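Hi,

Here is the structure I promised to pass on. Have a look at it first, and then read my notes underneath.

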Amino acid sequence: MTTETQHGSVIVMDRRRGKLRAGQGLLQGLRVVWDHWAGSFRKNDNFSKIHGTFTVEYPEERLPMPQAYRNMPVLLFDDESGHELCTGCYQCQRICPPQVIHITQAKDPVTGKMVPAATEFIIEYDACMSCGFCAEVCPFDSIKMDHVYELSTANRAALTMRKAQLNRSISYYTGIAPGLWAEVQAGAMKKLQGSIKRRPDVIGLAASLTEKIKARRLELAAAAAAAPAAAAVSAPAAPAAPAAKLTPEEKAAKLAAMKAANANKGAAPAPAEAPVALSPADAKAAKLAAIKAANANKGAAPAPAEAPVALSPADAKAAKLAAIKAANAAKQAEAAPVSVETAVATAPLDAKAARLAAIKAANAAKLAAEQGNNE
Amino acid sequence: MLKTEELQINIGPQHPSTHGVFRMLVTVDGETVTDLKPVFGYLHRNHEQIAEVNTYLQNMPYTDRLDYFNAMANNHAYAMAVEKLVGIEVPERAEYIRVLMVELTRILNHAGALGFLINDMGAWQTQLAFGMREREKILDLFESVSGARLMCNYFRFGGVARDLTADFMPRLKDLLVAMPAFIDEMERLLRENEILLQRSEGIGILPKDLALAYSVTGPVLRGSGVAYDIRRAEPYSIYDRLDFDVPVGSVGDVYDRILVRIEEMRQSKRIIEQVIAQLPDAQGGHINPKARQNVRPPVGDVYARVETPKGELGFYLVSDGSSRPYRYKVRAPSFINLTPLGDMCRGYKVADMVVILGSIDIVMGEVDR
Amino acid sequence: MPNVSADDLRVRLGRALPGVVQEVYPLKVAPPPAQGHAPAAFVTGDTLVDAARVVDAALYLRDVLGYAYLSDICVVDYLTDGIFEVVYRFYNVEGGPSLALKVRVPRENPVVPSLTPDWPGANFHEREAFDLYGITFVGHPYLHRIYMWDEFEGFPMRKDFPKQGDKYIGEDE
């Protein structure tokens, strides 16, 4: 290593004693100690002073901790709504170096699906190293570092904290770290709203807020009472239908119908007089069916006209066939290059009518066949 | 002539002067030490195997606990090692903040180490109390920026965890006003003190060639006259832009090491002043925004080292491509600096042996890991 | 600042001490994963040296090249490859980056000549390697355990040492 670099040199410490007589060094040192002792009667209130006392008479006097101080994590819940911010996403459990966090995510008792809340949240305070990683990594700003340092207890088991003991209100946290909360408040509250929407029943409400839980339960009960009345008014669509699985043909018919409906929304008022070359009988039946459908639509609840009323496979195939026929006819009629969808779109009512006509035709055929057999 | 026998006595592991749980098997002939064997492992926590089970980020708080006196320096070495392995760049402002923290650590380590050495000499806690007062100021600064006084956990891969707070700079500037007064006062108390000179001049001499052969580093090596400082020998971070001198001793005894440590505090203050002046112009933020903390380094190995206040702290990492280290080795300065303890103490008195151990400045968290 | 590269070192060692430098072969490091492709093999850039002649190589570095500062001796347990790799790291007193010598010994019988009689700084490093990995350093003046107590059985840092459930740690810890 070179002795002289451009940024500094090597200096050999000078051991040479100063011109002090024997014993003077001790006196010099005593002078230093005397200065400190004399200065200790005044208070040292500034970092730039080296004399003076800055004793804090703990426990009568306590120093305020800086905002960033971290010791032991706590969970936050919103004062207003009573909901806990924690969604049970396991990020803090994954990152915890000594692995002292144990989470159980909440499940909807009715459907069995996971709910963004935590039923149990355990932190072993006696092994927690207060590194702050859980607070750093939490995407929902629900676990934060507290400022408590007076945790001594003779009961080791009492240091395993459960969710009820870890819950703190957000107002508590703004009391100890206002700046840190202000940075993340907007995002955290927005995410909380999203979580609340997906939490059924009273899941996610802090357990200590018993009044809020009672109030919410009453609210839900009232809503449940009102719901059956509302349900009776709605269209008598097959209640099991939405959940039932559709066969591929039914799916195709539904898709064609949906496409027709979407095009209907955006397209110009469908010209019922679109030059679609349907066979005369089909056109007449289609017109009749269209009128009937319009009448039905006026009176009934807004149940989707394209609701997958359970079509038998044969009928569905017939409907699909009719729709394709209509589309092809439209394509041939109009020389302009029009896609099948737009062709269908230009004659939506006609397509619907065509399908209805196909259904009617099929039913009529079946009836005729039965009658024919009976005869 | 009376028939005498050599006596083997056990100093430690529970002993107020052994700087932690440290045991020395001393063979004495009367009051003179003829042989000394250091025995440690009482604080062995298997840190290296814990690190193989944790991911790279989860290891960061554990590095705090190695040399628990200087948490920031340990974090720095580990962060540098992982950044070198993965190839993460550190923005300029983050480098300046890092150097600031590490140099503050150097001041507080030397303030404490000299205090403990004077305590070992029998002067009780006079200098230690003065040194602790300055340490408290610096620890308050650490607390306001990282959240904890000792176990800072402040460095991340690609920078530091949080930027400096608004009240950090004014307090730091106040502290730097007090610093020359503190160091000068310490010199006045110690440098010409007859008792200290008697207890430390010519005690525990480690000659230059032996110092290098024993692989010692830090103030012990520089006290023996070898001008090897990693910040100059293999500059890392932004040390190649900063002006500072490297103090060395001439004889290699305890007195030289005291003088070297006092001068290093002055140089650290000089570095901090330069950092404060250059910090406003530094580019970038407090962390590289593209750096992922859950790193998955490519297969390979790396060795990164820093000049901590006690010597060379190095991390040797071997990665197998997963998110956990395959091998994680800590090259601890205090551990290796203990190698010449036996040779340094031979021929001196038992009381000198305590002083020599104090002058090496060990911390058992590092020695035992 | 002096900067001898690893290739340079191989050439010079090859000339001065023939037969010492060995060909570097790739290491698998970790066992191949159950799914997906295995990561790349580890081919080190440092100099691989014959275990029996490591002392000669180290002294060459110190006396001829001036790399008189031995920083670290580290042992890595490559369980899949069946070897222990001992990494010796040297620095030049004038400064500059390190030069590393690597020695590979089989796991069943790891024996390496000790550097301590010629280089006292290797003392604690070799004791640690013996204590935690079980490598015998022939010629070490005091090869006893350094961290674990003397009657301890087993070598804790080896990859096949159980992390739980051996006779020292109970099943439930």
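Below is what turned up when I went through it, starting with the contacts between chains.

One thing to keep in mind throughout: this is a predicted model.

**Chain A against chain B**

Let's begin with the contact between chains A and B. Chain A puts 50 residues into it, and chain B puts in 66. Together the two chains bury about 4700 Å², with carbon and sulfur atoms giving 57% of that area.

How many salt bridges are there between chain A and chain B? The count is one. The side chains involved are those of A:E136 and B:R156, with N to O at 2.4 Å. As background, side chains of opposite charge can pair when their charged atoms come close. Polar contacts are also there: 20 residue pairs across the interface of chain A and chain B, both residues at pLDDT 80 or more.

If you want to find the side of chain A that touches chain B, look at β2 (8–12), α1, α2 (91–95) and α3 (133–137) of chain A, each of which supplies at least two residues. Helix α1(A) gives the largest share, eight residues. By type, this side of chain A breaks down into 24 nonpolar residues, 17 polar ones and nine charged ones.

**Chain B against chain C**

Now for the other interface I looked at. Here 42 residues of chain B meet 47 residues of chain C. The area buried between chain B and chain C is about 3700 Å², and 60% of it lies on carbon and sulfur atoms.

Four salt bridges cross the interface of chain B and chain C. C:E128 with B:R369 is a salt bridge to pull up on screen, its closest N and O atoms being 3.0 Å apart. There are also 22 residue pairs in polar contact across the interface of chain B and chain C, again with both residues at pLDDT 80 or more. On the side of chain B that touches chain C, I have 19 nonpolar residues, nine polar and 14 charged.

**Inside chain A**

Over all chains, the whole structure holds 52 salt bridges. One inside chain A joins A:R162 to A:E120, with 3.6 Å between the closest N and O atoms. This pair links distant parts of the chain, 42 residues apart: A:R162 sits in the loop between β7 (160–161) and α4 (163–166) of chain A, while A:E120 belongs to strand β5 (residues 114–124) of chain A.

On the surface, there is a nonpolar patch made of A:W34, A:W37 and A:F41, with about 440 Å² of accessible area together. Of these, A:W37 is in helix α1 (residues 24–39) of chain A. You have met that helix already, as the element with the largest share of the side of chain A that touches chain B.

**Backbone oddities**

Most residues other than glycine have a negative phi, and most peptide bonds are trans. With that in mind, here are a few spots to check by eye:

- The peptide bond between A:Y58 and A:P59 is cis, with omega at about 0°. A:P59 is in the loop between α1 and β3 (73–77) of chain A.
- Another cis peptide bond runs from B:G12 to B:P13, where omega is near -5°. You'll find B:P13 in the loop between β1 (7–11) and β2 (23–29) of chain B.
- A:S130 is not a glycine, yet its phi is positive, near 55°. A:S130 lies in the loop between β5 and α3 of chain A.

**Chain C overall**

Last, a quick sketch of chain C. Its secondary structure comes to three helices and seven strands. Read from the N terminus, the order in chain C is α-β-β-α-β-β-β-β-α-β. The C-alpha trace of chain C spans about 55 × 45 × 30 Å along its principal axes.

That's the lot from me.

Cheers

Conventions: Residues numbered from 1 in each chain as written. Chains lettered and ligands numbered in written order. Predicted model: local features only at pLDDT ≥ 70, side-chain atom pairs only at ≥ 80, totals over all residues. Heavy atoms only, no water. Patch = residues over 30% accessible without salt bridge, like charges linked within 9 Å, V, L, I, M, F, W, Y side chains within 5 Å. Areas by Shrake-Rupley, 256 points an atom, 1.4 Å probe, with all protein chains shown as cover. Helix = DSSP H or I, 4+ residues; strand = E, 2+ residues; numbered from the N terminus. Contact = heavy atoms within 4.5 Å. Buried area = accessible area lost by both parts, 1.4 Å probe. Polar contact = N/O pair within 3.5 Å; in protein donor to acceptor, adjacent residues only side chain to side chain. Nonpolar A, V, L, I, M, F, W, Y, C, P; charged D, E, K, R; others polar.
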